[in-house]
Amino acid sequence: MSNTPVSDLTAPQPTAALQRPYAAPARLPDSSWRQQLGSSLLGRFAASAKDPMADDEDLADAEPRSRSRWPVLRALLRSPGAVAGLGVLLLIVLVALAAGHLYPGDPLDMAGQPLLTPGEDWDFPLGTDALGRDIAAGLAHGARVSLLVGVTAALVSVVIGTLIGALAGYFGGRVDRTLTWLIELFQTTPSFLLVVVVVSITQSTIGVIAVVVGLTSWDTVARLVRAEFRALLNADFVLAARTVGYSTRWIIFREVLPNALPPIIITASVIVASAILTESSLSFLGVGDPNKISWGSMIGTGRDMLRSALYLTAIPGAVLVITVFSLNLVGDALISALNPRLRGRTA
Amino acid sequence: MNAVANIDDQGQPLLSVSNLRVNYGDYQAVKGISFEVARGETLALVGESGCGKSTTAMAIMRLLGGRAGISGNVDFDGQNLSTVSDPVIRSLRGNEISMVFQDPMTSLNPVLTIGEQIGEVLRRHRGLSRKDARVEALKLLKKVRIPNAEGRLDDFPHNLSGGQRQRVMIAIAVACNPRLLIADEPTTALDVTVQAHILQLLKDLSEEYAMGLLLITHDLGVVGQWADRVAVMYDGLIVESGTTEAIFTAPQHPYTKGLLGASLRLDTESHYATASLPEINVRQNNSGIIEFDLNSHARYFTARDASSGTLDQPILDVRNLRTEYKTSQGPVTAVDDVSFQIRPGETLGLVGESGCGKSTLSKTILGLIKSSSGEILLNGTNIAGFDEKQLRAHRPFVQMVFQDPYGSLNPKHSVYRILDGVLKNHGVKSAQSRSQQIFDIIHRVGLPQSAVWKYPHEFSGGQRQRIGVARALILRPSLVILDEAVSSLDVSVRAQILNLLADLKQEFGLSYLFISHDLSVVKYMADRVLVMHDGKIVEEGAHDGIWKNARHDYTRKLIGSVPVPRYALAEEEAVPYSNSAWQELPVAMLLSRFAV
């Protein structure tokens, strides 16, 4: 028989276990430095004479500002991947905004000798294409179009998809069946064909293209959101929200939606990428906006000379890849930053 | 006792664990424990979640992943399990040593029939042919007393109830006549009436095959009724071990005393109105030594009995309530013609097993599920059939505390935001007033003020349940529905929450509808008790009488199934009471590690 003597317990214990509980006073820097400061400035009497409830009022004012201001942004900036991604995206946005100053004039105009390879002539550091158009200028101006299309399409599809998915998931029953039918309708229609048709019928301006691409890619978002909602609706905290008497709108947007965000964010960054690509396919097919240069149209025109002048497709292609990759990095980090549990871990 | 004789006969024990340590990096899960199990003996390893009892079992079987560092000796019948090669231990697992796990719902493969799953073990370990395995499987099913065993062979797991699935798991575990059976919380997921049968079965099998049984559990009632010897674990150490009789009649260690005091028994007269439950106070003194002491006090509430309050208007008056679910097989009546009343200041206990309709009843009262017929009079207003908008005005009067302290708090919101949202939704416009109420309620449920800025995952189970209580009470309801509110908590944490609920009841003048499957908890908390079975209220009685004079068969069966230790606890004098939330804080903090 093993009878561990009681005296074993009085032996010094490793303290690691005792430090684990969340409420170890060391975790509350505010109150402890307050008390320390208070007692050193006003003497022991002042610190101990303080009514505990008064101290709480004090904390009530001080804590939210020190602890919970921009926690998501802070967590985001702690992640190296997110910082790199944000840096690249910021650079691209700046270049897009400054394109008019950097490269005044129409980027579709002939600027120099055709087919200069990058580095050949330092007036055109990235070279020129078959018509003598400056590739660097094309990239800068094309960034405007590509980013506009990508971001608008993602916004449109996320807003519509989330709304439809949330309604279908939350209400279930007949609402769900109708909306699922609608989602399936969009899923089974080849979306690119739809875009081509709509763009051919209406005007092929960048704005129309962006919105139409968004309108044809919300189905993925809707499906994901619907599934997340169906799973989360059975969670006790949603029942608790109903017992407390929250309105439907509050439950959908404040209680459930924040928990359904991760797949939405990931899908959004994918939609940005695929919208940029869809726009390039449209330009390639010649139904894009003929008056605007975009990364996609640059890839499309360079494609003819893939073997003789690879850089014509490689450079805009690489920029596209880097942009999409940065978006993914930021999206990933955003998911961790939005989750209080993971946010704490990187702290 | 049988077990002791066995050790003498055989000279050496079946399983002998000495100085077993398990650590994950810097964290020590098991800190050097030693124990032995003899042939035919039942040793209970008791402790609360996170104490290392399951880790110990997994370490014996060498089932822990590569991250775990294990040292010490595990000697099984002359073989050192910690040094034998992988093929050898694999041949021992399921053959000489087998295991039964807690959750019978997930431990069976849903796409194989029962017969195939038992047969697989027989074919692999005993080399039987498919045909022989089927015959043998049938014998095993009969041995574990599954009704209509022939018919069950070709059934799939989803055709079986939880108890039957656990029987199948046991059949698989004993298929190869193991010499040691490790049962890790084998009945925790099951109803009381089923639990008694499963434990009886394990005991019989252990005697029949002279099989050592290592029973891992948190339930002292189970231990007291079924174990020969007990080892009490706390924080990776065995703090006390001995025969069940010795542990129950004369516990030495304060932690054991605390556990015994905090675990409610059906055969004692403890009631919330007269005494609080002892709370185990764990603290570390200046030199790093962990000290335990007990804290309990007498209460002087005026408990309501069934006759005294009949003149008051009831807070809640449920009349002929019926709730139906639509299923593909047609409507199922979950709540069937239920009527009861709750008067101001009363705690009405509602007991019943899983599936009896008690949760549906609570959801119907809260308007989360629509009733089919009947009336729900809340302060005289019939709220049955009200829609969400109409209910809003009545929400503040009835609130609920949920069972799962993990699922019932939105993981994305801080405690402040969780509580703030409730007040905002009920028209508290001033931010200052909301903040004041939030800090006040957090203080009253015994949490530090800094807790409001934290997120749910930063709390232990007991602390989360305090937040759940705070959310329910912040609107100052007059009736709180506690649906299995303490069922998923450890014994010592449960004692704290029950004490808190009893104190808050007095403080706020609350009425409770206390729903639980655990009769001993209901006995302690309730003034009046309803017994629910198959959607109907089968019996109603005062808290002290119903246990002795149950009229309905089902009530008697239920009471008979509750494990009651064979030994009575020596009377413990109440320690003088000091109730200041500020003094309770360190207790709450330190006890927080009881819950994972």
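**Exercise 1.** In this predicted model, work out why B:Asp336 is classed as it is, and what its salt bridge with B:Lys536 ties together.

*Solution.* Start with burial: B:Asp336 has a relative accessible area of 15%, so this residue counts as buried. The cut-off to keep in mind is under 20% for buried. Now turn to the partner: B:Lys536, at 42% relative accessibility, is partly exposed. Next, check the distance: the closest N and O atoms of B:Asp336 and B:Lys536 are 3.0 Å apart, and the two form a salt bridge. Finally, place both residues: B:Asp336 sits in strand β14 (residues 330–342) of chain B and B:Lys536 in strand β22 (residues 536–542) of chain B, so the pair ties together parts that are 200 residues apart in sequence.

**Exercise 2.** Describe the salt bridge between B:Asp77 and B:Arg179, then find the network to which they belong.

*Solution.* Begin with the geometry: the N to O distance in this salt bridge is 1.9 Å. Then locate the ends: B:Asp77 is in the loop between β4 (68–76) and β5 (79–80) of chain B, while B:Arg179 is in the loop between α7 (162–174) and β7 of chain B, so parts that are 102 residues apart in sequence are tied together. For accessibility, B:Asp77 is partly exposed at 24%, and B:Arg179 is partly exposed at 28%. To finish, widen the view: salt bridges link B:Asp77 and B:Arg179 with B:Arg39 and B:Glu96 in a network.

**Exercise 3.** Is the pair B:Lys53 and B:Glu185 buried or exposed, and where do the two residues lie?

*Solution.* Both B:Lys53 and B:Glu185 are buried. Their closest N and O atoms are 3.8 Å apart, and they form a salt bridge. As the limit is 4 Å, the pair qualifies. B:Lys53 belongs to helix α2 (residues 53–60) of chain B, and B:Glu185 to the loop between β7 (180–184) and α8 (192–208) of chain B, 132 residues away. Over all chains, the count comes to 35 salt bridges.

**Exercise 4.** Find the residues with the most contacts inside the largest nonpolar core, and follow one of them outward.

*Solution.* First, the core: it has 130 residues, and A:Phe229 and B:Leu498 have the most contacts inside it. Helix α12 (residues 248–285) of chain A gives the most to this core, with eleven residues. Now follow B:Leu498: leaving aside neighbours within four places in sequence, its contacts include B:Leu264, B:Leu277, B:Val486 and B:Phe514. Lastly, look elsewhere: a second, separate core has 38 residues, among them B:Leu108, B:Leu141, B:Leu181 and B:Trp226.

Definitions and conventions: Residues are numbered from 1 along each chain as its sequence is written. Chains are lettered from A and ligands numbered from 1 in the order in which they are written. This is a predicted model: local features need pLDDT of at least 70, side-chain atom pairs count only at pLDDT 80 or more; totals for chains, interfaces and linings use all residues. Side-chain values use heavy atoms; hydrogens and water are left out. A nonpolar core is a set of buried Ala, Val, Leu, Ile, Met, Phe, Trp, Tyr and Cys residues joined through side-chain atoms within 4.5 Å. Buried means under 20% relative accessible area, exposed over 50%, partly exposed in between (1.4 Å probe, protein chains only). Helices (H or I, at least four residues) and strands (E, at least two) are DSSP runs, numbered from the N terminus. Contact means heavy atoms within 4.5 Å. A salt bridge is a side-chain nitrogen of Lys or Arg within 4 Å of a carboxyl oxygen of Asp or Glu.
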